[in-house]
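This briefing introduces a protein structure to a reader who has not met it before. Please look through the sequence and the model shown here before turning to the points listed after them.

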Amino acid sequence: MEDKTIFEKIIDGEVPSEILYEDAIAIVIRDIDPQAPTHALIVPKKRISRIAEAEEEDAVLLGKLLLAAKKFAKANGLDSFRLVINSGHQAGETVPHLHIHLLAGRPMAWPPG
Ligand code: AMP
C-alpha cells in the first residue's frame, strides 16, 4: 500500500483538521473544500483504499459507517442529506482511503454530475 493518505495523517494527529466526531472505528471531519453548506466526511480508521476493495470482513464496519452518517445527520438536525462514495478516478475519487461524503443544506440535483 502507498504512503499514508491525508486521512491517515489526520487520524494520527499529524495534520490538523476540524474533527466533528470520533469513535473507535471512524472520524467525521469537515471537508476542506465544501460542496454544500454541510459537507462532512465519514472516514474509517481502517485503511480501505476504496469501496471496490472492501472485503466481506468489512461488512460490519461498512454498516457502522452508514449508521455514523445517520447519527451525524440526526445530531445536526439534517432532515435531508445525500451520501456519496466515489470509487475510482472517473467517479471523482481523489483520496485513496474510503470515505463517505455527507452533503446537506441545499437542494440536490439528480442525476449527479
Ligand atoms: P474524493 O474526491 O471522493 O476522494 O473526496 C476527497 C475529499 O477530501 C474531497 O472532497 C476533498 O475536499 C477532501 N479533503 C482533502 N484534503 C482534506 C483535508 N486535509 N481535510 C478535509 N478534507 C479534505
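The notes that follow go from the overall fold to individual residues.

The model is a predicted one. It contains 2 helices and 5 strands, which follow the order α-β-β-β-α-β-β from the N terminus. The protein has a radius of gyration of 14 Å, close to the 13 Å given by the globule rule for 113 residues, so it is as compact as a globular protein of that length.

**Overall dimensions, surface and charge**

- Taken along the principal axes, the box filled by the C-alpha atoms of the protein is roughly 40 × 30 × 25 Å.
- Buried residues make up 37% of the 113 residues of the protein.
- The exposed area of the protein is about 7100 Å², and 54% of that area is supplied by carbon and sulfur atoms.
- When contacts between residues at least 6 apart in sequence are considered, 54% of them join residues at least 24 apart.
- The protein has 13 positive and 17 negative charges, and the mean positions of these two sets are 6 Å apart.

**The loop between β3 and α2: R47 and I48**

- R47 is placed in the loop between β3 (38-44) and α2.
- R47 counts as buried because its relative accessibility is 12%, which is under 20%.
- The side chain of R47 forms a polar contact with the side chain of E8 at 2.9 Å.
- The backbone oxygen of P96 is also reached by the side chain of R47, at 3.0 Å.
- I48 belongs to the loop between β3 and α2 as well, and it counts as buried at 4% relative accessibility.
- Beyond residues up to four places away in sequence, I48 touches E53, A54, D58, L61, P96, H97 and L98.
- Although I48 and L98 are 50 residues apart in sequence, their C-alpha atoms are 5.5 Å apart in space.

**The loop between β4 and β5: H97**

- H97 is located in the loop between β4 (82-84) and β5 (100-104).
- The relative accessible area of H97 is 0%, and H97 is therefore buried.
- A polar contact of 3.1 Å links the side chain of H97 to the side chain of T5.
- Leaving aside neighbours within four places in sequence, H97 is in contact with T5, F7, E8, I11, V43, P44, K45, K46, R47, I48 and S49.
- E8 thus appears twice in these notes, as a polar partner of R47 through its side chain and among the contacts of H97.

**Helix α2 and strand β4: L66 and V84**

- L66 lies in helix α2, which covers residues 59-75.
- L66 is partly exposed, as its relative accessible area is 46%.
- Apart from neighbours within four places in sequence, L66 is in contact with L83 and I100.
- The C-alpha atoms of L66 and I100 are separated by 8.2 Å, and these residues are 34 residues apart along the chain.
- V84 is part of strand β4 and is partly exposed, with a relative accessible area of 22%.
- The contacts of V84, neighbours within four places in sequence being left aside, are H99, I100, H101 and L103.
- I100 is accordingly listed among the contacts of L66 and among those of V84.
- V84 and L103 are 19 residues apart along the chain, with 8.1 Å between their C-alpha atoms.

**The loop between α1 and β1: E18**

- E18 is found in the loop between α1 (6-11) and β1 (19-22).
- E18 is partly exposed, its relative accessible area being 44%.
- Not counting residues up to four places away in sequence, E18 touches V28, I29 and R30.
- With R30, E18 makes a polar contact between side chains, at 3.1 Å.
- From E18 to L103 the C-alpha distance is 16 Å, and the two residues are 85 residues apart in sequence.

**The segment after β5: a cis peptide bond**

- P111 is placed in the segment after β5.
- The peptide bond that runs from W110 to P111 is cis, with omega near 0°.
- As general background, most peptide bonds are trans.

Methods: Residues numbered from 1 in each chain as written. Predicted model: local features only at pLDDT ≥ 70, side-chain atom pairs only at ≥ 80, totals over all residues. Heavy atoms only, no water. Helix = DSSP H or I, 4+ residues; strand = E, 2+ residues; numbered from the N terminus. Rg over C-alpha atoms; globule rule 2.2 N^0.38 Å. Buried < 20%, exposed > 50% of the residue type's maximum accessible area, 1.4 Å probe, protein only. Contact = heavy atoms within 4.5 Å. Areas by Shrake-Rupley, 256 points an atom, 1.4 Å probe, with all protein chains shown as cover. Lys, Arg positive; Asp, Glu negative; His and termini not counted. Charge placed at Lys NZ, Arg CZ, Asp CG, Glu CD. Polar contact = N/O pair within 3.5 Å; in protein donor to acceptor, adjacent residues only side chain to side chain.
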